[in-house]
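This report describes a nonpolar core and several backbone features of a protein model. The sequence and structure are shown first.

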Amino acid sequence: MVHQYKNNGYNIVLDVNSGAIHVVDDVVYDVIPLWETHSKEEIIEKLKAEYKESEIAEAIEEVAELEKDEVLFTKDEYEDYVIDFKKRPTVVKALCLHIAHDCNLACRYCFAEEGEYHGRRALMSYEVGKKALDFLIANSGNRRNLEVDFFGGEPTLNFQVVKDLVAYGREQEKIHNKNFRFTLTTNGVLLNDDIMEFANKEMANVVLSIDGRKEVNDRMRPFRNGSGSYDLIVPKFQKFADSRNQTNYYARGTFTHFNLDFAEDVLHLADLGFKQISVEPVVAQDTDEYAIREEDLPQLFDEYDKLAAEMVKRHKSGEDFNFFHFMIDLEGGPCVAKRLSGCGSGTEYLAVTPWGDLYPCHQFVGNEKFYMGNVTEGVTNTQIRDEFKSCNVYAKEKCRECFARFYCSGGCAANSYNFHGDIHNAYDIGCALQKKRVECAIMIKAAEALEEE
Amino acid sequence: MKHVKTLNTRKLQNTIKKGGCGECQTSCQSACKTSCTVGNQTCENTK
């Protein structure tokens with residue numbers, strides 16, 4: 001499968017199954033769509049009004065060479081491989097710990113409903129957290145790197161437990177020859193020097209929630225009394241990011257129907273000095289007024305194009321920043337196995353509630369249909385685990401024909417469930433945006449590569 | 001090549017042989033809590 005498109009003045013050809021990316025001139029760009037259905041003579045005949053015959057012949061030769069090298073029109077031979085891969089015993093390697101089902105903000109789009117996840121307010125006790133880490137170690141097989149995200153609600157509302165669990169994890173990792181990578185997701189309200197110092201010592205990554213421009217942030221991320229959070233959190237986040245040398249963190253925002261011009265928010269965060277930025281579309285029910293609608297897509301595509309073009313410009317002038325959803329590692333990216341298995345929710349990645357209950361991921365917490373077990377007894381509802389395990393790009397009809405399948409790996413199961421009542425489907429608006437992001441990300445790489453020449 | 005510039009040399013099909021160690025970061029733990037993005041993760045063995 002080959003996907004070709006034009007963006008920001010570049011002709012880009014993606015060979016989906018090998019992952020090869022080619023920047024081509026107009027004649028090759030026009031030869032490729034004819035390649036599999038026309039003979040060489042027919043191709044020349046079709047294109048000779050536009051190009052010199054000698055040029056078309058050269059282009060044909062180069063396309064043939066790429067095909068022979070298995071970097072163009074490569075066959076998809078991964079379907080059997082994924083079946084074998086999925087037969088391996090399941091290990092758990094990452095937990096999302098819901099340290100606090102409570103929050104000091106009342107974000108309007110919160111899937112956890114002000115941190116409470118459709119339940120009551122609660123803080124995770126040290127005992128439950130300890131059992132969660134024990135469960136993780138016991139179920140991690142021979143995986144060495146184990147990830148634990150301190151999530152909420154707002155985890156700084158229960159920060160002593162975070163500190164104690166990190167200390168426990170550091171003690172246990174030596175005993176069991178594991179390596180814990182702790183991360184923290186925070187809204188910044190309670191952030192202080194003590195928390196920053198601790199996080200800089202212990203947290204492999206921190207996610208700092210902020211949506212962008214003041215009016216955008218404050219509309220969706222108010223305190224319970226309705227006042228905005230921007231003025232309080234911005235200076236703290238700036239200090240925090242600097243204290244981490246502008247690495248291993250993300251200023252992370254959500255965009256909604258209310259700020260379809262979200263590129264302005266990304267650039268606003270960049271102008272505030274943040275170098276690591278992630279801003280993503282809201283996950284909502286289609287009845288929510290802030291939900292992204294299909295008719296919003298053309299504007300959102302333009303925004304991604306605008307953002308990508310601006311990032312190319314800033315790269316040239318040395319004012320570059322990272323945008324998470326445009327990051328593509330062309331040389332050291334994930335292997336096929338990773339690309340086929342996706343985010344790992346419900347299998348190697350689980351969420352733990354303050355009571356120690358296990359769910360496939362944070363997005364499913366509170367939906368009793370997805371209760372999987374608890375940290376004391378482990379995963380008892382193996383049917384859910386097996387259902388998530390079987391969820392991959394070959395199990396989803398929409399993914400089979402999609403050029404972006406090895407970039408998103410089938411997309412978010414929770415999104416699919418929210419819109420179709422089934423994790424084996426795909427959220428169409430999310431897919432459209434994902435495809436656009438992949439195109440933009442590749443264009444940026446093309447621009448950078450050609451600039452270096 | 002005169003008409004084509006290829007940006008990457010690593011072929012996905014070659015990662016079948018050595019890949020799948022599972023030590024790399026879980027995608028949702030990084031910066032996307034609502035949209036699955038796997039293609040931008042870094043391979044633990046090429047760090």
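A nonpolar core is a set of buried Ala, Val, Leu, Ile, Met, Phe, Trp, Tyr and Cys residues joined through C-beta atoms within 7 Å. A residue is buried if 20 or more other C-beta atoms lie within 10 Å of its own, exposed if 12 or fewer, and partly exposed in between, with C-beta atoms placed from the backbone. The model is predicted: local features need pLDDT of at least 70, side-chain atom pairs count only at pLDDT 80 or more, and totals for chains, interfaces and linings use all residues. Residues are numbered from 1 along each chain as its sequence is written, and chains are lettered from A and ligands numbered from 1 in the order in which they are written.

The largest nonpolar core has 138 residues, of which Leu97(A) and Ile277(A) touch the most other members. Helix 17 (residues 428-452) of chain A supplies the largest share of this core, ten residues. Beyond four places in sequence, the contacts of Ile277(A) (C-beta atoms within 7 Å) include Tyr250(A), Val266(A), Leu269(A) and Phe321(A).

Helices (H or I, at least four residues) and strands (E, at least two) are DSSP runs, numbered from the N terminus. Two residues other than glycine have positive phi values, as tabulated.

| Residue | Phi | Loop in chain A |
|---|---|---|
| Glu70(A) | near 60° | between helix 3 (53-68) and helix 4 (79-86) |
| Asn245(A) | near 55° | between helix 9 (230-243) and strand 10 (249-255) |

Glu70(A) is partly exposed, with 17 other C-beta atoms within 10 Å, whereas Asn245(A) counts as exposed, with 10 such neighbours.

A cis peptide bond, with omega about 10°, joins Gly152(A) and Gly153(A). Gly153(A) lies in the loop between strand 7 (145-151) and helix 6 (159-176) of chain A.

Note on methods
Two residues are in contact if their C-beta atoms, placed from the backbone, lie within 7 Å.
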